[in-house]
Amino acid sequence: MSNESNRGEFVDKTVQIKRCAAVVKGGRRFSFAAMVVVGDGKGRVGWGYGKANEVPPAVEKGQKQATRTLVTVPLVNDTIPHAVRAKFGSADVLLMPAGGGTGIIAGAAVRSVCEAAGIKNIITKSMGTSNQITVVKAAIKALKQLRTTADTERLRGVTLS
């Protein structure tokens, strides 16, 4: 259930919409929660979770939160520089670089994160829970761990010539 929209420079993907019901005196009162992934397609991606009484305001709140939580992902030839694995709760995500023409081999949650980040060739495996919210958080945690040689040299304080 991944809806996509373009807002200026960002690509928004709605990963999940949940309906919650609160039982009150007159019956049930429904509210909605939306998980949204936002990216610029050039190496920046973030996630947001919005809740409201209607679906559109919940998605807007999620988009607003996602733009505040953007992280930068190093890309090498439309893929990631190296294999990486991360856990968030019981979600365990493995991301592996792939050659050109492979495409995005991933489930719905990880696919939306990769597409928003601008990754075009990647192989992924999601283990543990199938909860899309924790899988998205684990995928973004894995992308945060990525490093390139320029990053490691900069962190060590060595200048490249």
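A residue counts as buried here when its relative accessible area is under 20%. With that cut-off in hand, let's walk through this predicted model, starting with a helix where burial matters for the description.

## Helix H2 and its end

H2 spans residues 108-117. Seven of its 10 residues are buried, so the helix is mostly covered. The buried set is made up of Ala109, Val110, Ser112, Val113, Cys114, Ala116 and Ala117. Right after H2 comes glycine 118, which has a positive phi near 95 degrees.

## The chain as a whole

Stepping back, the protein chain has four helices and nine strands. In sequence order they follow the pattern β-β-β-β-α-β-β-β-β-α-β-α-α. The chain has 161 residues, and 40% of them count as buried. Among contacts with a separation of 6 or more, 55% are between residues 24 or more positions apart.

## Two nonpolar cores

The largest nonpolar core has 30 residues. Val45, Leu95, Val113, Val136 and Leu143 have the most contacts inside it. At least two residues of this core come from each of S3 (27-39), S6, S7, H2 and H3. H3 gives the most, with eight residues. A second, separate core has eight residues, including Ala34, Val36, Val38 and Ala58.

Valine 136 is a good residue to click on in the viewer. It lies in helix H3, which covers residues 132-144. Its relative accessibility is 0%, so valine 136 counts as buried. Which residues does valine 136 touch, not counting those up to four places away in sequence? They are Val15, Met35, Val37, Trp47, Ala109 and Val113. Two of these contacts, Ala109 and Val113, are also among the buried residues of H2. Valine 136 and glycine 46 are 90 residues apart along the chain, and their C-alpha atoms are separated by 9.6 Å.

## Helix H1, with two faces

H1 runs over residues 55-68 and has 14 residues. From its first C-alpha to its last it reaches 20 Å, close to the 20 Å expected at 1.5 Å a residue. Its buried residues are Ala58, Val59, Gly62, Gln63 and Ala66. Seen down the axis of H1, these fall within an arc of 140 degrees, so they line one face of the helix. The face turned away from them carries the exposed residues Pro56, Glu60, Lys64 and Arg68. Ala58, one of the buried residues of H1, is also included in the second core.

## An open sheet of four strands

Strands of a sheet pair through backbone hydrogen bonds, either parallel or antiparallel. One open sheet here has four strands in the order S6-S7-S9-S8, with mixed pairing. S6 and S8 (104-105) are the edge strands, each pairing on one side only.

At one edge, S6 (residues 84-88) and S7 (residues 91-97) pair in the antiparallel sense over five bridges. Phenylalanine 88 stands opposite alanine 91 in S7. The hairpin of S6 and S7 has two residues between the strands, and glycine 89 there takes a positive phi near 65 degrees.

At the other edge, S8 and S9 (residues 122-128) run parallel and are joined by two bridges. Isoleucine 104 has isoleucine 122 in S9 as its bridge partner.

## Backbone angles in a loop

Most residues other than glycine have a negative phi, and most peptide bonds are trans. Where do asparagine 77 and aspartate 78 lie? Asparagine 77 is in the loop between S5 (71-72) and S6, and aspartate 78 lies in the loop between S5 and S6 too. Neither is a glycine, yet each has a positive phi: about 55 degrees for asparagine 77 and about 65 degrees for aspartate 78.

## Cysteines and a few accessibilities

How many disulfides does the model have? The count comes to zero. Cysteine 20 and cysteine 114 appear in the table beside the two loop residues and valine 136.

| Residue | Relative accessibility | Class |
|---|---|---|
| Cysteine 20 | 40% | partly exposed |
| Asparagine 77 | 70% | exposed |
| Aspartate 78 | 36% | partly exposed |
| Cysteine 114 | 1% | buried |
| Valine 136 | 0% | buried |

Cysteine 114 counts as buried because its relative accessibility is 1%, whereas cysteine 20, at 40%, is partly exposed.

Key: Residues are numbered from 1 along each chain as its sequence is written. This is a predicted model: local features need pLDDT of at least 70, side-chain atom pairs count only at pLDDT 80 or more; totals for chains, interfaces and linings use all residues. Side-chain values use heavy atoms; hydrogens and water are left out. Two strands pair if DSSP finds at least two bridges between them. Buried means under 20% relative accessible area, exposed over 50%, partly exposed in between (1.4 Å probe, protein chains only). Contact means heavy atoms within 4.5 Å. A disulfide is a pair of cysteine sulfur atoms within 2.5 Å. The expected span of a helix is 1.5 Å times one less than its number of residues. The arc is that of the directions from the helix axis to the C-beta atoms. A nonpolar core is a set of buried Ala, Val, Leu, Ile, Met, Phe, Trp, Tyr and Cys residues joined through side-chain atoms within 4.5 Å.
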